[in-house]
Amino acid sequence: MTDGPLIRPDELAALLGEVTVLDVRYLMGGPPGEAQHREGHVPGAAYVDMDRDLADPPGEGGRHPLPDEARFEDAMRRAGVRGDRTVVAYDDWQGRGAARAWWLLRFHGHPDVRVLDGGWSAWVAAGLPVESGEVETERGDFAIAAAKQMPVVRPDDVMGVDVLVDARAAERFAGLVEPVDPVAGRIPGAVNVPTTSNVDESGRFRSAAALRETYARGGADTAASVAAYCGSGVTAAHDILAMEVAGISAALYPGSWSGWITDPDRPVERD
């Protein structure tokens, strides 16, 4: 298996039965992916629900606050996650949902988590085995670590990082449209690297060199501190994953834009 946070479909196929596979299919504004999971999934993959397992209810922390630790730990154990066993997450959203699972598991101390490069679409296109129906998993022993393993920034500190990356689409970053949140705009000083910049036409992550070049345009390659945010804290993990591929360490602002605007005194920038 190659090093780094990504795994190819053929690599995963060779490891089925030796790794824990999580199906994190989710699409913002769409139905949960549980029905898709029942129709077909990577053999042995347990379904993980974004809203139920990977986030708390909306509130002051934004639309997808970090999940309660005890609830997240239980969800991962139900999905069969063990502390001594590699975890592979996939979705059908070019890795955006899977990146959230990757980040949360890494944040809470799991030492080896990968994202299936190209996701479900790449798996099917490769003609690899597909299983349908319910999946029965043996309960795992994953335990949340006391010391967090991925950096975060809080609202009071987010504008103090050297480079703040906004992972949303360019028109939302500019404040020209806002289809989801009640206020349009961005956090002042942010630079825009949409998640679409991280992948090629097939939905697979671009090379480390290409990603370094992309993030270098915003100064993230040499900055002392880098953080990423998006609309609700989900797709920002995709930028953090891409930066890890590129060799850049970045923190997450979990509340992201939807959390930022819950305080009307916080500044907003628009083009």
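Is L54 buried or exposed? In this predicted model, L54 is buried, and its relative accessible area comes out at 0%. Since buried here means under 20% relative accessible area, L54 clearly falls on the buried side of that cut-off. Where does L54 sit along the chain? It belongs to the loop between α3 (50-53) and α4 (69-78). Leaving aside the neighbours within four places in sequence, L54 is in contact with V24, V48, D49, P65, P67, F72, M76, R100, A101 and L104. Among these partners, F72 and M76 carry numbers that fall within α4 (69-78), while R100, A101 and L104 carry numbers that fall within α5 (96-107). P32 makes a handy reference point too: L54 and P32 are 22 residues apart in sequence, and their C-alpha atoms are 13 Å apart in space.

Now for the whole protein. The chain has 271 residues, and its secondary structure adds up to 10 helices and nine strands. How does its radius of gyration fit with a compact globule? For 271 residues, such a globule would have a value near 18 Å, and the protein has 18 Å, so the two agree. Along its principal axes, the C-alpha trace spans about 50 × 35 × 35 Å. Of the 271 residues, 52% count as buried, and L54 is one of the buried residues. The contacts also tell something about how the chain is folded up: looking at contacts with a separation of 6 or more, 75% are between residues 24 or more positions apart.

On the outside, the protein exposes about 11400 Å², and carbon and sulfur atoms supply 48% of that area. As for charge, there are 26 positive and 43 negative charges, and their mean positions are 0 Å apart.

The strands come next. In general, strands of a sheet pair through backbone hydrogen bonds, either parallel or antiparallel. One open sheet in this protein has five strands in the order β1-β5-β4-β2-β3, and the pairing is parallel. The edges of this sheet are taken by β1 (6-7) and β3 (46-47), each of which pairs on one side only. At the β1 edge, β1 and strand β5 (residues 113-116) run in the parallel sense and are joined over two bridges. In β5, L116 is the bridge partner of I7.

Another open sheet is built from four strands in the order β7-β6-β8-β9, again with parallel pairing. Which strands stand at its edges? They are β7 (191-192) and β9 (251-252); each has a single partner strand, so one side of each is left without a neighbour in the sheet. For β7, that partner is strand β6 (residues 163-166), and the two pair in the parallel sense over two bridges. Here N192 of β7 is the bridge partner of D166.

Finally, two residues deserve a look for their backbone angles. Q94 is not a glycine, yet it has a positive phi of about 55°. Q94 lies in the loop between β4 (87-90) and α5 (96-107), and at 32% relative accessibility it counts as partly exposed. S256 is not a glycine either, and its phi is also positive, at about 55°. What about the surroundings of S256? This residue is placed in helix α10 (residues 256-260), and at 0% relative accessibility S256 counts as buried.

Definitions and conventions. Residues numbered from 1 in each chain as written. Predicted model: local features only at pLDDT ≥ 70, side-chain atom pairs only at ≥ 80, totals over all residues. Heavy atoms only, no water. Rg over C-alpha atoms; globule rule 2.2 N^0.38 Å. Buried < 20%, exposed > 50% of the residue type's maximum accessible area, 1.4 Å probe, protein only. Contact = heavy atoms within 4.5 Å. Areas by Shrake-Rupley, 256 points an atom, 1.4 Å probe, with all protein chains shown as cover. Lys, Arg positive; Asp, Glu negative; His and termini not counted. Charge placed at Lys NZ, Arg CZ, Asp CG, Glu CD. Pairing = 2+ DSSP bridges.
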